[in-house]
Amino acid sequence: MTSKKARLAVFISGSGSNLQAIIDATRSGILSAEVVLVVSSRASAYGIERAEEAGIATAVCRLAQSTNKKKAVRQLLDTLEAHQVQFIALAGFLQLLPQEIVTAYRNRIANIHPGPLPRFGGPGMFGRRVHEAVLASGLKESGPTVHLVDEIYDHGALLEHLSVAVHSDDTPDTLAERVLKQEHKLYPRVLQKLIKGEYDLDAG
Ligand code: GRF
């Protein structure tokens, strides 16, 4: 008997190194899913090239810049539906996901954040800023966090966190590099558990 692979969409805005880790994990079997769609908020995102290289359908969706937001959201929902998307992984997607999409995919959307949550999250806390804030705090540990996505930035239920040591001579860039390597290990594993229904999402 063959078990059907989950149909996954990955949302990006930039380099897409997490997207690549997810694609690689679907190929190695760590993640029993198929990336059927990559949605980018930027047409120039390098992640789009990665998707094309892997033969994955892409869509550019500039929700924030749209003059007719309702129509843009409808189009995005239609695109997700057309590709029969079952789960969504946000991987460096720098826009707040519209309410309609959160509602349609409740408990089936994950995001990866490059620092501990909730302390180093929220609006404006992305990329380098997270690592700067961690270093400024004097914390000796940082690390990526994967959480469910709800209507508020970096707010949904925490799924998993990996601890990464902060070194005394770290700069935001060296810390970012070390954390990113762990993101690539963590995210596919968490997505696999989410898809397999291994989190008790109603608890708490
Ligand atoms: C990662 O650090 C992720 O935690 C954050 O955005 C970055 C995306 O990097 N949400 P990449 O595009 O996957 O390389």
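Which side chains meet in a salt bridge at 3.3 Å, N to O? In this predicted model, the side chains of R128 and D173 do so. R128 belongs to helix α5, residues 128-137, and D173 to helix α6, residues 172-195, so this pair ties together parts that are 45 residues apart in sequence. As for their surroundings, R128 is partly exposed at a relative accessible area of 42%, and D173 is likewise partly exposed, at 46%. The pair also belongs to a network of salt bridges, in which R128, E132 and D173 are linked.

Colleagues, allow me to place this pair among the other salt bridges. The count for the model comes to six, and I shall discuss two more of them.

One is formed by R106 and E151, whose closest N and O atoms are 2.8 Å apart. Here the partners lie in loops: R106 in the one between α4 (99-104) and β5 (109-113), and E151 in the one between β7 (145-148) and β8 (158-161). This salt bridge therefore also ties together parts that are 45 residues apart in sequence. R106 has a relative accessibility of 39% and counts as partly exposed; E151, with 28%, is partly exposed too.

The other joins R74 to D78, with a distance of 2.9 Å from N to O. Both residues lie in helix α3, residues 69-82, and because they are four residues apart there, about one helical turn separates them. R74 is partly exposed, with 42% relative accessibility, and D78 is partly exposed as well, with 37%.

I turn now to the ligand. Where does the ligand sit? It occupies the largest pocket. Three elements each give two or more residues to the shell around the ligand: α1 (17-28), β5 and α6. Helix α6 is thus a link to the opening of this talk, as D173 lies in that helix.

The residues around the ligand are S15, G16, S17, N18, G92, I112, H113, P114, L180 and E183. For three of these I can give polar distances to an oxygen atom of the ligand. In the side chain of E183, an N or O atom is 2.7 Å from such an oxygen. For the side chain of S15, the corresponding distance is 3.3 Å. P114 takes part through its backbone, where a polar atom is 3.4 Å from a ligand oxygen. Taken alone, the ligand exposes 360 Å², of which the protein buries 82%.

Methods: Residues numbered from 1 in each chain as written. Predicted model: local features only at pLDDT ≥ 70, side-chain atom pairs only at ≥ 80, totals over all residues. Heavy atoms only, no water. Salt bridge = Lys/Arg side-chain N within 4 Å of Asp/Glu carboxyl O. Buried < 20%, exposed > 50% of the residue type's maximum accessible area, 1.4 Å probe, protein only. Near = heavy atom within 4 Å. Polar contact = N/O pair within 3.5 Å; in protein donor to acceptor, adjacent residues only side chain to side chain. Areas by Shrake-Rupley, 256 points an atom, 1.4 Å probe, with all protein chains shown as cover. 1 Å grid on protein atoms, 1.4 Å probe; cavity = no way out; pocket = protein on both sides within 12 Å on 5 of 7 lines; lining within 4 Å. Sits in = over half its atoms within 2 Å of the grid points.
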